[in-house]
Every structure is written in C-alpha cells, then in structure tokens.
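Good morning, colleagues. I should like to take you through one structure, beginning with its aromatic side chains and ending with its loops. Please keep the sequence and the coordinates in view as I speak.

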Amino acid sequence: MKFLLIFPLVSLAGLNCHAATTYNGTWSVSTAIPDNDDTGFSSTKSLAVSGTATITSVTVDLIFSGGWNGDLYAYLSHDGQISILLNRVGRTSGNPDGFASSGMTVSLTDTAPLDIHTALGNSGTPSGTFQPDGRATDPLNTLDADARTNFLSVFNGHDASGN
C-alpha cells in the first residue's frame, strides 16, 4: 500500500476586496508523484494581492494521470488552516484499498452535490465537480463514515495574500 502527500494548488478563485473583485490564478505543478514514499510531494505557491483582500471562496482543479486513486492524500494549507482535498478516496471498511480508478480531472468546490470520497468509482478516469474529501483523519485509518470537517471554506475570511 502506498501513501502520497501532495500539495496540488492549481486554481484559486474568489477574493473580497473593497470593491467586488475576483482573482483567478492557475499554478501548474507538473511533477511526478513518488510511489511508495510516505514523504510524498509538496509544492508552495505564493499569491500577492495589493491592498486588503480576504478569501470568500476557493475552487481547486486537480488533474492526475496514472496511479491508484485510493492511494492519494492531498491537502491545501494557508494561513494556519488546512483543507483535505483527497483522503484515500473510496476507502471504506469493506474496501480498505480505496478506489482502483486511475487518474482524475476534477474540480473541487464546497457547493458541489457529491463527495469525492464516495463518488469516483473503481474504473476509468473520473471527471466532474465534487466536494473535497474533508476528512481530517489518519490516511491509514480513514473511512467514508468519518466526519467531514476540513472543507475549502476553512479559508473564507482569511487574508488572500501569502503561501
């Protein structure tokens, strides 16, 4: 079993400034995620917004190819907050390996109708818009029934500038 720690900030949207302003930025990580390596991969990107701006919403787009989706653990951190994007999707008490599907092209937003942890499936390359996993539990033990507490909304109200 492999566990991957990745930091795939690809798209950030939604800032609240003095006037209504939306910032859309894209960062491409374009790096192979190491297999069978608990250290995983991390990437830090910086955003500098002039003036005072707070986050009102965040959307993250993830594009992976290959691998085993049930192995992936990914989070986004900013200003002391952590949102869990993926936590061994598909892992349940009856399926301890998680989903066997390979790769994905997904958007994560808190307002989507489906939880990515339970919605992907075991085959193909999933695509679509999903809620982030949100399960802030140990990837070795996480299950679909675990509480979902760490959504992208944890960043709302925080300063938009920073890493």
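In this predicted model, there is one aromatic pair. Its members are Tyr-73 and Tyr-75, with 6.1 Å from centre to centre and 50 degrees between the planes, an arrangement classed as tilted. Is each partner buried or partly exposed? Tyr-73 has a relative accessibility of 16% and counts as buried, because the limit for burial is under 20%. Tyr-75, at 22%, is therefore partly exposed.

Let me now set out the overall architecture. The chain contains nine strands and one helix. In sequence order the pattern is β-β-β-β-β-β-β-β-α-β, so the helix is followed by one further strand. The chain has 163 residues, and 44% of them count as buried. Among contacts with a separation of 6 or more, 61% join residues that are 24 or more positions apart. The accessible surface amounts to about 7700 Å², and carbon and sulfur atoms contribute 50% of that.

I turn to the interior. The largest nonpolar core comprises 26 residues, and those with the most contacts inside it are Leu-85, Leu-86, Met-104, Leu-108, Ile-116 and Leu-152. Which elements give two or more residues to this core? They are strand E5, residues 60-64; strand E6, residues 72-78; strand E7, residues 81-87; and strand E8, residues 104-108.

Leu-152 deserves a closer look. Setting aside neighbours within four places in sequence, Leu-152 is in contact with Val-58, Val-60, Leu-76, Ser-83, Leu-85, Leu-108, Thr-109, Asp-110 and Pro-132. Two of these partners, Leu-85 and Leu-108, are also listed with Leu-152 among the core residues with the most contacts.

Next, the pairing of E6 and E7. The two strands run antiparallel and are joined by six bridges. One of the bridge partnerships links Ser-77 with Ile-82 in E7. Strand E7 is mostly covered, with five of its seven residues buried. The hairpin has two residues between the strands, and there Asp-79 adopts a positive phi near 55 degrees. Asp-79 is not a glycine, and its relative accessibility of 45% makes it partly exposed.

Why draw attention to that backbone angle? Most residues other than glycine have a negative phi. A second case is Arg-88, also not a glycine, with a positive phi of about 55 degrees. Arg-88 is located in the loop between E7 and E8. Is Arg-88 buried or exposed? With a relative accessibility of 0%, Arg-88 is buried.

The loop between E7 and E8 also holds Phe-99. This residue is buried, at 11% relative accessible area. Phe-99 and Asn-69 are 30 residues apart along the chain, yet 5.8 Å separates their C-alpha atoms. Beyond residues up to four places away in sequence, Phe-99 touches a long run of partners: Trp-68, Asn-69 and Gly-70; Val-89 and Gly-90; and Ile-116, His-117, Thr-118, Ala-119, Leu-120, Gly-121 and Asn-122. Helix H1 spans residues 116-119, so the partners of Phe-99 include residues of that helix.

Immediately ahead of the helix comes Asp-115, in the loop between E8 and H1. Asp-115 has a relative accessible area of 11% and is buried. What does its side chain reach? The side chain of Asp-115 comes to 2.9 Å from the backbone nitrogen of His-117. Excluding residues up to four places away in sequence, Asp-115 touches Gln-131, Pro-132, Asp-133, Arg-135 and Arg-148.

My last residue is Gln-131, which lies in the segment after strand E9, residues 127-130. Gln-131 is also buried, at a relative accessible area of 15%. Its side chain makes a polar contact of 2.8 Å with the side chain of Arg-148. Arg-148 is likewise touched by Asp-115. Leaving out neighbours within four places in sequence, the contacts of Gln-131 include Leu-108, Ala-112, Leu-114, Asp-115, Ile-116 and Phe-151. Between the C-alpha atoms of Gln-131 and Val-106, which are 25 residues apart in sequence, the separation is 9.9 Å.

To close, I would return to the two positive phi values, at Asp-79 and at Arg-88. Asp-79 is partly exposed, whereas Arg-88 is buried. Thank you for your attention.

Terms used
Residues numbered from 1 in each chain as written. Predicted model: local features only at pLDDT ≥ 70, side-chain atom pairs only at ≥ 80, totals over all residues. Heavy atoms only, no water. Helix = DSSP H or I, 4+ residues; strand = E, 2+ residues; numbered from the N terminus. Buried < 20%, exposed > 50% of the residue type's maximum accessible area, 1.4 Å probe, protein only. Contact = heavy atoms within 4.5 Å. Areas by Shrake-Rupley, 256 points an atom, 1.4 Å probe, with all protein chains shown as cover. Phe/Tyr/Trp six-rings, centres within 6.5 Å; stacked < 30°, edge-to-face > 60°. Core = buried A, V, L, I, M, F, W, Y, C linked by side-chain atoms within 4.5 Å. Pairing = 2+ DSSP bridges. Polar contact = N/O pair within 3.5 Å; in protein donor to acceptor, adjacent residues only side chain to side chain.
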